[in-house]
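Trainee: I would like to learn how to read a model like this one. Where do we start?

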Amino acid sequence: MIDKVRNMGNGLHVEDRSGKGNRSRRRGVLQFISSAQMRTLDEQTIQEIGLPAAVLIENAGRAIAAEVVRFCLDQKVHKVNRGGQGRLQRRIWDEYPNGVSNPNSLELEHWLVLVGKGNNGADGIAAARYLVDSGLCVTLLYATSEQEMSIETLAQAAIAQKLGIPSKLYGRDDLAYGQFTGIIDALLGTGSRGNPRGNVAEMIDQANLTGLPIMCADIPSGVDADTGALYHPCIQARVTLCLGVLKAGLTQYPGAHAAGTVVVRSIGIPAKLAANVKPAGFVLTDEILERELGVDPARLRDSDGHKGTYGHVLVAAGSSTMSGAGLLASKAALRAGCGLATWALPEALAPHVAGAVPELMLAPVGGSMGWGAAAAHEVLRLLETRDVLAVGPGLGRFEEEGAFLRALWEGAPRPLVVDADALNILAAAGGLAAWKRRESATILTPHPGEMARLAGVSTAEVQRDRLGLARAFALEHGITLVLKGSRTVVAAPDGRIFVNTTGTPGMATGGAGDVLTGIIAGQLAQGLSAEQAAAFGVHLHGLAGERAAALRNSPASLLAGDIIEQL
Ligand SMILES: NC(=O)C1=CN([C@@H]2O[C@H](COP(=O)(O)OP(=O)(O)OC[C@H]3O[C@@H](n4cnc5c(N)ncnc54)[C@H](O)[C@@H]3O)[C@@H](O)[C@H]2O)[C@@H](O)CC1
Ligand SMILES: [K+]
C-alpha cells in the first residue's frame, strides 16, 4: 500500500511502507479529493453502509498514534544510529502495529493534544488513548467546553475522562509548554472555514511558538484543504497524517509547506465507495502516467525506428539579447527524443549561433525585419514538413507581435506549445477570448505571472488556488495548461488535473522554462497527446533537474543547460 507523500525541497516524494523501506519512490496511484468530497464519503460510509462514525474515528486515532510513535522512534533511530543500533529500533517500529510494545523508548515522551470541538478533535482524543497505551504521557487541551463539542468529540472526551487521561480547558487552566515533547493538532479538519477564530487561533499561535514538533490530524489547522492557501494563523507542522484520501490542498504550496511530511492512511472508508468518487486530481507517479495517461515512463523505442519515426520539432524562438532561449528549447527537444529539430530564428542571429548544437538545423526567417507578420508565414511554411511548433522562448516583444502570433495560432495545423513572451503577446492581444479555437493540440506553459496576465487576475490570486484556476482555464479555453512553479499543475481540457512530483528548488533558474518547452515539444513530436506530453514533460524535466542538482556541489549552482544533459 502506498501511503506516504513526503515533501522534500520542491518535490513530492512518495514512499512505500508495505515492503522493505523506501525502495519505490514516486510509485503508486495517488489521487486527491476536495474536502466536500471527503465529507460526502464519510457520510456515505456512516449513513449508507452503516459503519459508525466512532469506528472511523477509532481508525483515525490509531493511525495518528502510530505515526506519532513512528516519529518518536525515528528521532531515536537518528540519535541511536550514531551508536550503530538503528536497525534494532527500526525493527521495534515495524512490529508496533501488531501490538508489540516498546516501553523503554517512549516513556520520556509527553505529547499535548490540541482538541477542537468538531470531529477532528475526536480523532485527536482517540489518538491520545492509543498513545497512553503505548507508554507515552499525554495531556489533552480542549479549545471549548463540553457544551460546544460535536457528539463524537463529546463521546471521546467522556472515554478519555474515564481512563484518567489528564485534560485542561484552554484559557481556564495553566499550562507550561516546556514539559511537552510534541503536539498533535486536532483543532480543525475538513469542517474548517476561514481564519481560525477565538481559542483555536490562540492555540495555533502558541503551538507554533513552542518550536515543538507538530503532527496534524488530517490537515494543518489553518490550511485550506482544497487550495493549499493559508488562513491566519496556521499550524506549521512536521508531519500531517491525512485521513482516508489525500486532500487537494496538501499538494500545493504554501499549504504543502505548512503540512510538512504528508502521510495518507486508510480509516476504513470502503474502497468500493471511494472508487465511485471522481478524483479532484492526481499526483504524477509512474503508475498515474501509465494508468491515467497511457504514457510509457521508460520511453522505450521501437527496434526498427528511425529519425522519422520520432518526429520533427520546429522551435520559433530567440532574439539578439536572448539567443540562448531558442538554443536551450531546441536542444532539449532533441534530448527529449524527437528525431529532428529545426530552430526558426531571426536572420541576424543565425551567424552567431551556427554550429552551437551541431545536431540542430537552423532556419533564418524575417529577413532584416526579424520577427513580424512576414516571419510568421515563413514559420508556417517550415511547419508544413515538420510535426510540432513551439513558440515563445526569448522572442522578446516587437511590432506586429499580435499579428505574428495570431497567424501561428490560427494557421498552424499541428500541435502548438506557447511559452514565455508568446504568452504575454497572447494576453496583450486578448487572444484566447478573441481568436478562433484551435483544432490541433495546444499547450500553454505559463509561470504564475504569465498566468495572471492570461487570466486577467493578480499573481497572488493565481497562487491562491492554482488547482482551481488551472482546471477552469483549461476547460474554458479547450487547451492544455502547464501552470509552472513548485508542484507544477497540468490541466487537461477535459477537466483532469495532475500535480507534478519531481523537481528541485535549484531549477528556479533562467532558461529552465525554455528547456521544459523543448521537452514537451519533443514528446508531442513523438506522437504523444497534449496532456500526455505536458504531464510526462514536466515529470521528465523535474527528474532531470534533480539528477543535475545532485551532481553539483550545491543545487543553487544549477544551470538550465545542466538539466538538458540529464534527460
Ligand atoms: N465526518 C466524520 O464523521 C468523520 C470525521 N473525521 C474527522 O473530522 C474532521 C471533520 O470534522 P467536522 O466536520 O466536525 O469539522 P472540524 O473538526 O474541522 O471542526 C469544525 C468545527 O469547528 C468550527 N470551526 C470551523 N471553522 C472554524 C474556524 N475558522 N475557527 C474556529 N472554529 C471553526 C465549526 O463551528 C465546527 O464546529 C475531519 O477532518 C476528520 O479529521 C474522520 O476522522 C472520521 C469520520
Ligand atoms: K488538524
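**Reading the fold**

Mentor: Start with the status: this is a predicted model. Then take the domains. The chain is divided into domain 1 (2–6 + 51–277) and domain 2 (291–300 + 307–565).

Trainee: How far apart are the C-alpha centres of domain 1 and domain 2?

Mentor: They lie 43 Å apart. Seven residues of domain 1 and eight residues of domain 2 make the contact. On the domain 1 side, four of the touching residues are nonpolar, three are polar and none is charged.

Trainee: How many helices and strands does the chain have?

Mentor: There are 22 helices and 21 strands. Of the 567 residues, 53% are buried. Look at contact range too. Among contacts between residues at least 6 apart in sequence, 72% join residues at least 24 apart.

Trainee: Which order do the strands take in the open sheet of twelve strands?

Mentor: Read across the sheet, not along the chain. The order is 10-3-12-21-20-19-18-17-16-13-14-15, and the pairing is mixed. Strand 10 (246–247) and strand 15 (361–365) are the edges, each pairing on one side only. Helix 19 (residues 466–477) packs on this sheet. Its contacts are with strand 12 (281–283), strand 19 (480–483), strand 20 (489–491) and strand 21 (497–499). The directions of helix 19 and strand 20 make an angle of about 25°.

Trainee: How many bridges join strand 16 to strand 17?

Mentor: Three, between residues 388–391 and residues 416–418, and the two strands run parallel. Within the pair, Leu389 of strand 16 stands opposite Leu416 of strand 17.

Trainee: Now strand 7. Why is strand 7 described as largely enclosed by the rest of the structure?

Mentor: Count its buried residues. Five of the five residues in strand 7 (residues 182–186) are buried, so the strand is largely enclosed by the rest of the structure.

Trainee: And which way do the side chains go?

Mentor: In a regular strand, side chains alternate between the two faces of the sheet. Here Gly182, Ile184 and Ala186 point one way, Ile183 and Asp185 the other, and all are buried.

Trainee: Which strands pair with strand 7?

Mentor: Strand 4 (residues 110–115) pairs with strand 7 in the parallel sense over five bridges. Strand 8 (residues 214–217) also pairs with strand 7 in the parallel sense, over three bridges. Use Asp185 as the marker. Leu114 stands opposite Asp185, and Cys216 is the bridge partner of Asp185 in strand 8.

Trainee: Back to burial, residue by residue. Is Ile479 buried or exposed?

Mentor: Ile479 has 21 C-beta neighbours inside 10 Å, so it counts as buried. The cut-off for buried is 20 or more. Ile479 sits in the loop between helix 19 and strand 19. Setting aside residues up to four places away in sequence, Ile479 touches Thr442, Ile443, Leu444, Ala474 and Pro493.

Trainee: And Ala407?

Mentor: Ala407 has 19 such neighbours inside 10 Å, so it counts as partly exposed. Its place is in helix 14 (residues 401–411). With the four places on either side in sequence left out, Ala407 touches Ala373, Ala376, His377 and Leu380. Ala407 and Ala373 are 34 residues apart in sequence, yet 7.4 Å apart in space, C-alpha to C-alpha.

Trainee: Last, the ligand. Which residues come nearest to ligand 1?

Mentor: Of the 29 residues around ligand 1, the nearest are Gly118, Asn119, Asn120, Gly189 and Gly191. Helix 1 (35–49), helix 2 (53–81) and helix 5 (119–133) each give two or more residues to the shell. By class, the shell has eleven nonpolar, twelve polar and six charged residues.

Technical notes
Residues are numbered from 1 along each chain as its sequence is written. Chains are lettered from A and ligands numbered from 1 in the order in which they are written. This is a predicted model: local features need pLDDT of at least 70, side-chain atom pairs count only at pLDDT 80 or more; totals for chains, interfaces and linings use all residues. Two strands pair if DSSP finds at least two bridges between them. Helices (H or I, at least four residues) and strands (E, at least two) are DSSP runs, numbered from the N terminus. Two residues are in contact if their C-beta atoms, placed from the backbone, lie within 7 Å. Axes are lines fitted to C-alpha atoms, for helices over the stretch in contact, and angles run from 0 to 180 degrees between N-to-C directions. Domain bounds come from an automatic or database domain assignment. Ala, Val, Leu, Ile, Met, Phe, Trp, Tyr, Cys and Pro count as nonpolar, Asp, Glu, Lys and Arg as charged, and the others, Gly among them, as polar. A residue is near a molecule or strand if its C-beta atom, placed from the backbone, lies within 6 Å of it. A residue is buried if 20 or more other C-beta atoms lie within 10 Å of its own, exposed if 12 or fewer, and partly exposed in between; C-beta atoms are placed from the backbone.
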